Structures are given as structure tokens and as C-alpha cells.
4 protein chains.
Amino acid sequence: MASKSFYAIISGVGSGTGQSPIYACISAQLELSRSAAIRFAKAYPVVLLARKPESYNSIVDEIREAGGQAFGLTADATDEAAVNAAFETIKKVLPGSKLAAAVYNVNGGFARKPFLELKREELDASLDAAPKGFFTFAQKALPLLLESVPESPHPPSLIITGATASIKGSALFGSFAAGKFALRALGQSLAREFGPKGVHVSHAIIDGGIDTPWGKDFVANNGVEDGKISPDALVKIAETYWHLHTQHRSAFTQEVDIRPYVERF
Amino acid sequence: MASKSFYAIISGVGSGTGQSPIYACISAQLELSRSAAIRFAKAYPVVLLARKPESYNSIVDEIREAGGQAFGLTADATDEAAVNAAFETIKKVLPGSKLAAAVYNVNGGFARKPFLELKREELDASLDAAPKGFFTFAQKALPLLLESVPESPHPPSLIITGATASIKGSALFGSFAAGKFALRALGQSLAREFGPKGVHVSHAIIDGGIDTPWGKDFVANNGVEDGKISPDALVKIAETYWHLHTQHRSAFTQEVDIRPYVERF
Amino acid sequence: MASKSFYAIISGVGSGTGQSPIYACISAQLELSRSAAIRFAKAYPVVLLARKPESYNSIVDEIREAGGQAFGLTADATDEAAVNAAFETIKKVLPGSKLAAAVYNVNGGFARKPFLELKREELDASLDAAPKGFFTFAQKALPLLLESVPESPHPPSLIITGATASIKGSALFGSFAAGKFALRALGQSLAREFGPKGVHVSHAIIDGGIDTPWGKDFVANNGVEDGKISPDALVKIAETYWHLHTQHRSAFTQEVDIRPYVERF
Amino acid sequence: MASKSFYAIISGVGSGTGQSPIYACISAQLELSRSAAIRFAKAYPVVLLARKPESYNSIVDEIREAGGQAFGLTADATDEAAVNAAFETIKKVLPGSKLAAAVYNVNGGFARKPFLELKREELDASLDAAPKGFFTFAQKALPLLLESVPESPHPPSLIITGATASIKGSALFGSFAAGKFALRALGQSLAREFGPKGVHVSHAIIDGGIDTPWGKDFVANNGVEDGKISPDALVKIAETYWHLHTQHRSAFTQEVDIRPYVERF
């Protein structure tokens with residue numbers, strides 16, 4: 001039974017498509033938002049933030065059909081005013097409800113190319129989606145999470161999605177790694193500042209997808225039983241997000257890596 | 001309801017006492033074995049390995065009183081023959097039962113002293129308890145875990161307890177860190193070798209206790225509600241061990257840090 | 001004897017003043033630019049990039065008095081057009097000369113404050129100075145360094161100055177760490193892309209100054225002989241920069257930490 | 001001109017041969033001892049420690065022919081008594097001379113094989129050569145290095161050779177990595193304890209050779225000019241060892257990676 005007085009918010013819902021490993025990775029991360037939404041919706045009403053309604057509509061429907069509560073809000077994570085407006089809207093949509101968990105799962109700036117061919121705008125896109133977008137999101141979410149500390153069923157949580165590029169700057173992925181490294185830095189700093197206040201900030205490194213053919217491997221090996229793709233594979237990552245949220249404050253995890261068992265690392 | 005056909009084994013049960021932070025840390029790790037045993041006993045019969053019966057007797061009683069199954073076996077983790085004998089005994093105690101999870105939670109060699117005062121035996125004690133003891137344990141456990149892959153309710157798991165000293169060689173803790181670093185190396189190597197075969201090898205870094213007053217802080221801040229020590233604090237770490245065991249093979253974690261929310265890091 | 005046909009460029013010269021450790025750190029980094037300039041000027045004409053002429057004038061004079069060649073150019077590292085113009089000017093000032101070494105030693109965004117009091121502009125300042133400013137600098141410098149590969153007396157080098165905040169996101173230093181993490185990501189990526197082409201990209205982590213009283217310690221302990229500050233202390237860091245530049249391509253270092261012997265780490 | 005009153009000692013001289021990458025790696029590390037000996041012999045008399053005279057005889061001759069001083073001593077680094085005896089012999093061979101630099105470059109336990117085929121003796125061999133042998137060496141060398149602090153021309157130095165396996169436990173290399181991780185732990189701890197006393201402890205990660213075809217690449221790509229192997233390639237690594245030794249105490253490096261420019265990492 002979902003608690004009506006607390007809700008979760010997931011930023012970064014969208015539809016990713018494409019053939020190359022790197023697009024498969026984006027797609028995987030978007031699917032992760034869907035999985036996280038479904039998992040958290042078992043306990044809380046879930047607010048989905050995405051740039052376009054078509055990105056969240058089907059998830060909202062899926063959650064509602066399963067008996068949960070979900071709301072989609074349209075906001076570009078890199079647009080400060082839009083994010084602020086979204087948080088204002090939440091107050092009206094879920095009056096009196098408090099924030100239990102916030103997931104930042106936004107990507108951008110995946111230019112895979114030689115450095116000398118990179119445009120400054122491509123670096124900007126990565127920094128906008130990662131540290132800057134997260135900064136705006138966290139400045140809205142953290143005061144709400146702090147308010148929830150005394151009564152939240154689990155320690156109020158801010159969960160960030162990282163990637164291999166969060167800890168390794170591979171050749172040709174400099175701009176993407178710059179954003180992901182910066183995002184991890186912010187996550188560490190917030191964990192150290194807000195942990196002692198009771199808010200759990202954690203960072204999940206979803207391994208693969210950058211310089212290994214994650215996307216392809218994932219489809220080919222992990223979500224597969226008898227040659228058919230299991231739709232449940234990504235849901236499993238969301239279980240770890242839920243576990244992070246439900247960790248007791250005596251046992252907070254700051255960083256966790258998650259990868260398919262076949263992934264080389 | 002516990003599955004009768006799979007069991008868990010936890011090595012490193014014992015009674016730690018002492019006043020200094022470092023002894024508090026040992027004590028905490030021993031308490032972790034107790035907590036892990038109780039948690040895994042909700043699902044499986046649990047075998048406890050310890051040097052002395054008085055180290056496991058009370059835990060065995062506690063689990064049995066709660067309706068679970070538990071068996072204590074006496075074996076020094078650094079004694080290869082004793083460990084081998086213990087695994088032989090398990091076949092008789094739990095005939096036909098398969099290994100679902102093995103937890104290595106053994107410590108040794110905590111000499112906190114200037115390097116030039118260290119005895120070679122103190123380094124040996126750390127290496128015996130950490131890489132060598134684990135080597136023996138893993139060589140017995142892994143073939144059993146591999147056998148369990150097709151039918152185990154969750155991916156067969158080998159979970160290693162690390163510490164801050166697994167990733168940082170602090171002044172005066174060289175011998176302890178040497179053992180813990182080496183243990184982590186083996187864990188990484190096994191994760192890479194056995195993950196693709198379906199066995200989940202993970203390493204948990206329990207932060208604190210080495211160069212920070214973990215023990216004291218833990219008692220003073222984390223297990224405390226209204227000035228009284230909550231006996232449930234350490235149980236929370238065991239929840240993450242259980243989560244590691246229950247991760248789907250699409251989403252294995254190799255390394256996780258766990259610390260109280262008040263811990264400085 | 002300085003080679004007239006190759007030059008070095010150092011970006012980030014300036015005058016830092018202040019009392020707090022963090023300002024002492026900035027000041028130290030600016031002094032590092034001075035030291036690096038003096039060290040590289042023993043071998044090459046040196047171009048100094050700074051926002052204001054008063055930041056480089058005294059260094060230019062010092063180098064010239066010692067018989068070296070130095071040129072100051074005014075350009076804000078975060079201003080793409082100004083940086084591009086500076087590189088155009090170099091062609092006129094040093095016609096026919098080739099780039100042997102480029103040092104990026106720019107800082108910005110040192111706001112030490114609770115996250116909820118941080119302004120978005122403070123994060124922007126850190127990202128502008130670190131990954132963005134470096135991006136512009138590297139896009140101008142790398143084509144020149146590549147050209148120098150066949151004839152340069154030492155492998156053409158791009159050296160980046162990092163800090164403790166490059167690898168640890170401390171509480172209250174999120175915005176600064178975000179920039180420094182991102183800068184390190186770019187450095188790693190470029191090392192992997194341009195190393196095999198013969199350009200040596202390396203990253204030096206000057207430890208201290210962020211969450212430890214580096215500035216004070218440095219003055220109090222390291223640059224001191226008999227209670228007087230030795231002006232030569234920072235010069236020693238520059239020796240390691242020079243060593244990085246002179247490493248043979250059979251033995252490139254990507255990352256190095258440098259700290260005073262009294263620094264706790 | 002070599003200082004007669006200070007000497008250097010290099011442990012781990014020997015002749016490695018073989019075809020596979022891993023043997024090529026051992027061979028490279030042994031060659032590194034030779035290169036380090038030759039480099040340090042430009043400044044100091046050098047003592048070479050090896051298991052067999054044939055391992056050091058040619059190096060001793062080479063140094064003497066170049067006008068330097070060198071002495072070979074036979075001692076197995078894993079044999080405590082033999083190492084102690086060697087240090088006693090040094091007092092007679094170089095009476096009144098003080099220790100300026102000690103290099104630990106010993107390897108052992110390179111078993112590349114599936115974990116379940118590993119023998120306990122193979123793990124022991126790795127731990128004997130790495131943490132245990134180093135422990136004995138460091139306990140003899142550090143008191144001598146401490147004595148040299150006031151007068152040594154450069155900060156007395158203890159330099160440890162690591163490998164990729166010092167920071168990554170690759171599949172099939174568990175036993176080797178266990179030793180190398182443990183060695184790194186000791187190095188970190190000693191750096192933190194002895195740095196403030198003026199002794200410089202540093203750890204060099206020679207990248208390659210474990211799970212990449214370092215040996216082959218090295219021969220094929222790095223030591224090659226116009227298809228011929230340059231005998232000087234490994235000497236370049238020794239230059240960085242010498243630089244570590246000559247760093248001022250205001251600018252100590254604890255860890256450095258060194259790899260050929262063509263190495264993938």
C-alpha cells in the first residue's frame with residue numbers, strides 16, 4: 001500500500017532510440033527511469049519530469065493501470081525556470097505530500113568524436129545536463145527532503161545515475177565524461193553535507209555503454225532468455241535504487257556500481 | 001519460509017571486546033556476522049564458522065528460537081585443514097542442501113603501531129586472516145556456488161567484508177591495510193572470473209574504525225535513540241548484504257560502501 | 001641555452017591574495033604559474049596568459065632579467081575569443097616558433113559555502129574556469145603540439161593543474177570540485193587520444209588547500225627555514241612539471257600527486 | 001661526480017626470460033632494476049640485491065666500466081635472514097656511507113590461471129615477494145634513511161615498483177594482484193608515517209603487462225626506432241625514479257603511473 005503523504009520524483013524520463021552502443025546506453029538509462037518510476041510507485045505517488053509529454057505518458061498510464069499514482073510534468077532539466085515551475089506544480093497536484101525520494105537520471109552531450117572535432121556546444125550540452133541540471137534539481141529537492149527527515153518512512157533520498165564515464169575519461173568521450181565526473185563531484189559533496197542531516201545522497205555507476213558495447217551486450221546477453229528479450233532486465237537495476245532508498249541511516253551507501261553479469265570490467 | 005535445499009555460510013563469527021576504536025571496529029565486524037547470520041537465516045539454514053564454540057553458540061540459539069536453522073562449526077579461518085574439514089561436515093549436517101551464499105567476514109592483524117615496532121608476525125596475522133584465509137574459503141565455496149547457479153533462488157553469492165583500510169593505507173595501519181587491500185584484489189579478480197559464470201562476488205567496504213573513531217561514534221551516535229543503544233543498528237548493514245545476494249544477474253554490484261550517516265568521510 | 005624555435009605557454013597567471021586557506025590555495029596556484037614560467041623559461045621562450053597585465057608584468061621582467069624570453073598576453077581563459085586572439089598574437093610575437101609545452105593552471109569558482117546558499121553563477125564560474133576554459137585552450141594548443149611532435153626536443157606536453165578537489169568532493173566545496181573533476185575527465189580523455197600520437201597529456205594533483213589548511217601549513221611549515229619563508233618552495237613543484245615535460249615517450253606519466261611532506265593525506 | 005658518503009640500494013635484480021606477455025613483464029621489471037642501478041650510479045655507489053650472482057654481475061661490470069661504484073650482494077628478498085645479513089655486509093663494503101635511496105623492485109607469484117587451479121603456494125609466493133619481502137627490506141632500510149635525513153643531498157627515498165595489478169584485480173591474476181595491492185597499502189602507510197619525518201616513500205605503477213600485451217607492445221612499439229629495438233627505452237622509466245628521489249620535500253609525490261605512449265589504458 002502506497003503512502004499517500006510522501007511522493008517520489010524522477011527526472012530524466014524520455015524516449016531514446018538508436019542503433020549504436022552509445023545510443024543504446026542512453027536508451028537504457030531512459031528505460032531505467034521507467035523502471036525506477038514503476039518500482040517507487042509501489043510505495044509512493046511518483047512525479048515524472050520529462051521534456052515532452054510523450055516521454056512520460058505511457059509510464060503514467062502503466063502505473064495507474066497497476067493501481068499506483070503517477071503524474072507527468074513537462075520540464076527540460078537544463079531549464080531552471082521550468083524546473084522551478086514543475087516543483088510549484090507538484091504542490092498543487094499533491095497538496096500536503098512530502099518528498100521521500102528524488103532520482104536524477106538525466107543525460108546529455110553524448111558526442112563520441114575526436115576532441116578536435118568537438119564543438120564547444122557539445123561540451124556545454126553535457127555540462128548543462130549533468131552538473132548544471134542536477135544543481136537546479138538538487139536545490140529544489142534538498143529543502144523538501146530535509147523537511148521530510150523526521151517523518152519519512154525511509155531516510156529521504158537523492159539518487160544520482162552515473163556511468164562508467166563518471167570514473168573514467170575514455171578517448172573520444174571527453175565531453176560526456178566531463179559532465180559525468182562533475183555530477184559525481186556534486187553528489188559526493190552533497191552526501192558529506194546532507195548525510196549528517198539525515199538525507200541520503202547516493203550515486204549509482206551503471207557500468208558499460210561508453211567504451212564497451214553495453215547496449216548491444218545488454219540486449220544480446222542479459223535481458224535474454226532463450227533468445228527472447230526479457231522486459232524485466234532493467235527493472236532489476238531499479239531494485240538497487242529502491243534498496244538505496246530504504247537503507248537505514250546506520251548503513252548509508254554513497255556509491256554503488258551496477259552491471260550485467262556478462263559485462264567485462 | 002526458508003528454503004531447505006539451499007544454505008548460507010558465514011565465516012568469521014566471534015566475540016570481540018575492547019575499548020579503543022580499533023577494537024570497537026573488530027567488535028562491530030563480529031556483530032556484523034551475527035546480524036548477517038540472522039538475516040540470511042530468514043531464508044536459509046545458516047552455517048556459522050568460528051574459532052570457538054562460545055562465539056557462535058548464542059547466535060545459533062537465537063536463530064533456532066526464532067524458528068530458523070543454524071549450525072555452528074569450529075574452524076580457524078587461517079587453518080586450511082580445519083576449513084576443509086568444516087566443509088566436509090556441512091555435507092553431513094545438511095545432506096543434499098546446496099550453497100546459496102557465502103560471507104567472508106574474518107579479521108586479524110589489527111596492530112596499530114609505528115612500522116618499526118611492527119613484528120613480522122603481525123603482518124603475517126593480517127595476511128593469514130585476509131587473503132590467505134579467504135583463498136582457502138573461496139576455493140571450497142566457489143565450486144559449490146557454481147553448482148548452485150542453475151537452481152538457486154538468487155544468484156549464488158560470495159560476499160567479502162572490507163573496511164576503510166581496504167582502500168586507504170593509513171599511517172600506523174600498514175599491516176592491517178596490507179591484508180585488506182590483498183583481500184579486495186582477490187575479490188575483484190573473482191568477480192571478473194566468476195560473474196560471467198553466474199556467481200556474484202561482491203565486496204562491502206564498511207567505512208570507519210581505522211583512523212576515525214568509528215567504534216565510539218557508532219555507539220555514541222548511530223545506534224542511539226534518546227541516549228539508549230538500539231540493538232538493531234548493525235542489522236541494517238546486513239540488509240545490504242542480503243540485497244547484494246538478491247540482485248538479479250542483470251544488475252550485479254561489485255563494490256559498495258556502507259557507513260553510518262554521521263560518519264565523516 | 002634556450003631553444004629559440006620552441007616555446008611554452010602558461011595560462012592562469014595572476015595575483016591571488018587573501019587570508020583563508022582557500023585563498024592561500026589560489027595564491028599558491030598562481031605562484032605555481034610563476035614558478036613554472038621561470039622553470040620553463042630556462043629552456044624556452046615563455047608566453048604568459050593572464051586577465052590583467054599587472055599579473056604577468058613582474059614575471060616577464062624577472063625572466064628577462066635572468067636572460068630568458070617572456071611575453072605576457074592579456075586574455076581571460078573563460079573568454080573563447082580572447083584566447084583565440086592570444087594564440088594569433090603568438091604567431092606574430094614568436095614567428096616560426098613551435099609549441100613545446102602548454103600548462104593550464106586556471107582556477108575559478110572557489111565558493112566555500114553550504115549548497116543551499118550557492119548561486120548557480122558560482123557553479124558556472126567553476127565550470128567556466130575549469131572544463132570550459134581548458135576546452136578552449138586545449139583546442140588551440142593541441143594542433144600546435146601535434147605539429148611539434150617530429151622535432152620537439154621533448155615530447156610536446158599539455159599539463160593540467162588539479163587539486164585535492166579533483167578527486168574528492170568535500171562538503172561545502174561542491175561547485176569547485178565539479179569543475180576540477182570535469183577538468184580531470186577531459187585530461188584523461190585527451191591523454192588516451194593524443195598519447196599514441198606523441199603528445200603527452202598529464203594531470204598534477206596539488207594536494208591540500210581544499211579541506212585542509214594547505215595555505216597556512218605551506219607558509220608555516222614548508223617554505224620555512226628557521227622561521228623565514230623560503231621563496232623557493234613553490235619552485236619545487238615546477239620541477240615536477242618540467243620532469244613531466246621531459247619524460248621520454250616510453251615512460252609517460254598521466255597523473256601525479258604533489259604535496260608538501262608535512263601535508264596530512 | 002658521485003657522492004662517496006651516500007649510497008643507493010636496489011632490491012630485485014635478476015634475469016627474466018620468456019615469451020608470454022606476463023614473462024615479458026617480469027623481464028621488463030628486471031630490466032628496470034638494471035636501468036635504475038645505472039641511473040642512481042651516476043650519483044651514488046649502488047648496491048644490488050639479487051638471488052644469484054649471475055643476475056647482478058653484468059650490471060656491476062657495466063657500472064664500474066662507466067666509472068661508477070657498484071656492489072652485488074646475494075640475498076633472496078623473501079628470506080629475512082639473508083636480507084638482514086646483506087645489510088650487515090653493506091656496512092663493511094661501504095663503511096661510513098649512508099643510505100640515500102632504496103628501491104624495491106621484487107616480483108613473484110605470476111601465476112596466470114583460473115582461481116580453482118591456483119595452488120596456495122602460488123598465492124604465498126606473491127605475498128612473500130610483495131608485502132612480506134618489502135616489509136623486511138623496509139624495516140632495514142627505513143632506520144638508515146631516517147639517519148640520512150639531515151645530510152642527504154636529496155630527501156632519503158624509498159621507491160616501490162607497482163604494476164597495473166596494484167590497482168586492478170583482473171580475472172586470472174588474483175594471486176599476483178593480492179601481493180601488489182598489499183605492497184601498495186604498505187607504501188601508502190609508510191608515506192604517511194615517514195613523510196613528515198623527511199623520508200620520501202613513493203610508489204610507481206608501471207602500467208601494462210598484466211591483462212594487456214605490454215611485453216610485446218613494449219618491444220614492438222616503444223623501444224623501437226626504425227624497426228630496431230633501442231636499448232634505452234627502459235632507462236627512461238628510471239629517470240622518473242631519479243626524479244622522485246630528487247623532489248624537494250615541499251613537493252613529494254606519493255604515486256605516479258608510468259606507461260609507454262602507445263599503451264592502452
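Copies are superposed by least squares on the C-alpha atoms of residues with pLDDT of at least 70 in both. In this predicted model, local features need pLDDT of at least 70 and side-chain atom pairs count only at pLDDT 80 or more, whereas totals for chains, interfaces and linings use all residues. Residues are numbered from 1 along each chain as its sequence is written, chains are lettered from A and ligands numbered from 1 in the order in which they are written, and side-chain values use heavy atoms, with hydrogens and water left out.

**Figure 1. Relation of chain D to chain B.** A turn of 180° with a shift of 0.0 Å along the axis lays chain D on chain B with an RMSD of 0.0 Å. That is the relation of a two-fold axis. Of the interface residues of chain D, 100% are also interface residues in chain B, so the copies meet through the same surface; contact means heavy atoms within 4.5 Å.

**Figure 2. The interface of chain A and chain C.** In chain A, 42 residues are in contact with 42 residues of chain C. The two chains bury about 3,500 Å² between them, 67% of it on carbon and sulfur atoms; buried area is the accessible area (1.4 Å probe) that two parts lose on being put together, summed over both. Phe115(A), Arg120(A) and Lys132(A) lose the most area to chain C in chain A, together 22% of what that side buries.

**Figure 3. A salt bridge between chain A and chain C.** The side chains of Arg120(A) and Glu80(C) form a salt bridge at 3.9 Å, N to O. The rule (a side-chain nitrogen of Lys or Arg within 4 Å of a carboxyl oxygen of Asp or Glu) finds four salt bridges across this interface. The elements that give two or more residues to the side of chain A that touches chain C are α4 (120-148) and α5 of chain A. The largest share of that side, 15 residues, comes from α5(A). Helices (H or I, at least four residues) and strands (E, at least two) are DSSP runs, numbered from the N terminus.

**Figure 4. Leu172 in chains A and C.** Leu172(A) is not a glycine, yet has a positive phi of about 75°. Leu172(A) lies in the loop between β5 (157-163) and α5 (174-194) of chain A. Leu172(C) also has a positive phi of about 75° and is found in the loop between β5 (157-163) and α5 (174-194) of chain C. With a relative accessible area of 21%, Leu172(C) is partly exposed (buried means under 20%, exposed over 50%, partly exposed in between; 1.4 Å probe, protein chains only).
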